[in-house]
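Me: Please consider the model shown below. The discussion will cover side-chain exposure, charged pairs and strand pairing.

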Amino acid sequence: MMIVDEASYRDKRYRFSRDFRHSMDVATVPLISTELYGVCNEMPILFAKSDGVWQVVGVLNDVALHHALIDADGRWTGDYSPFLLRIHPFRQVADASWEVAPENVLDTPGRGKPFFGRDGEPTDEFARIKSMLAEADEGRAVLSRRAATLEAAGLLTPFATGFVVKSLSPDLAPMFCVDGLRLAKAAPALLARLVDGSPSSLDLAFASVHSMRLLDGAYPDRASADLESRIAVLIDQSVKCARTSAGAAAEAPEAAGAASGEGDGREAMPRFDLDRSEGIDFSRLF
């Protein structure tokens with residue numbers, strides 16, 4: 001993982017975006033493995049392939065969405081928002097490296113956080129951000145490998161033929177989706193081969209099927225509806241467990257405030273980290 005022209009930020013500062021205006025015209029966002037279960041409740045999960053490499057993406061803006069995810073003021077309208085949107089101004093460029101959006105880079109003295117300390121070394125927070133970006137790169141790579149496994153199992157199909165929407169946009173037309181009917185009819189032996197990690201290829205397939213309800217459309221054969229309803233129950237149970245855990249962690253606000261620098265006049269770093277989603281037990285589906 002590298003940040004383009006990192007040395008050029010030695011005497012500068014950065015600030016995080018306060019809204020999602022930076023993504024209002026973006027069609028899709030790459031996803032990372034640790035946020036799979038949070039994302040599938042917020043946006044459709046689809047698959048794109050470029051130069052033989054798969055990428056798992058969330059659909060952010062499209063006419064086929066039931067609801068807009070970002071309102072006219074740049075605010076997120078749902079609960080969970082993907083990590084790669086929240087970490088802005090740090091953003092990916094075409095060659096999978098990272099850059100800092102220039103509108104959020106400030107000259108010193110001024111507001112914001114320094115990239116480097118007086119000793120010329122990255123500040124603790126900038127070092128932490130770079131570590132999270134490296135983990136995000138690995139999380140994208142994990143989902144890419146899982147998508148390749150689904151392709152090899154014959155469970156990915158072109159979106160244009162695998163899912164019917166009222167208006168097929170140029171953004172969705174070249175993408176792929178999980179073949180819901182084939183997944184519903186898959187033999188136990190095939191499903192067992194898809195349990196290959198955490199999250200597994202099977203987790204990714206189920207999460208994608210669950211997320212498709214967010215599009216104004218349907219699978220061509222509604223025989224897969226029973227599978228979707230069973231997946232929805234397990235997904236919802238997992239989210240409730242995660243929220244219960246988060247509520248317990250919030251019972252120590254004073255410690256959290258001290259750790260973030262609140263109350264001492266310093267600008268606090270936004271409270272987010274790479275997600276550690278709860279696992280979902282799919283063993284009762286079949």
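**Exposure, salt bridges and a sheet**

Me: Does Lys12 count as buried, partly exposed or exposed?

Reply: Lys12 has a relative accessibility of 28%. This is a predicted model, in which local features need pLDDT of at least 70, side-chain atom pairs count only at pLDDT 80 or more, and totals for chains, interfaces and linings use all residues. Residues are numbered from 1 along each chain as its sequence is written, and side-chain values use heavy atoms, leaving out hydrogens and water. Because buried means under 20% relative accessible area and exposed over 50%, with partly exposed in between (1.4 Å probe, protein chains only), Lys12 counts as partly exposed.

Me: How many residues apart in sequence are the parts that Lys12 and Asp107 tie together?

Reply: The two side chains form a salt bridge at 2.5 Å, N to O, a term for a side-chain nitrogen of Lys or Arg within 4 Å of a carboxyl oxygen of Asp or Glu. Asp107 is exposed, at 52%. Lys12 belongs to strand 1 and Asp107 to strand 7 (strands are DSSP E runs of at least two residues, numbered from the N terminus), so the parts tied together are separated by 95 residues.

Me: Which residue is the bridge partner of Tyr14 in strand 8?

Reply: The open sheet of three strands has the order 7-1-8 with antiparallel pairing, where pairing requires at least two DSSP bridges. Strand 1 (residues 12-14) is joined to strand 8 by two bridges. The partner of Tyr14 is Lys113.

Conventions:
Helix = DSSP H or I, 4+ residues; strand = E, 2+ residues; numbered from the N terminus.
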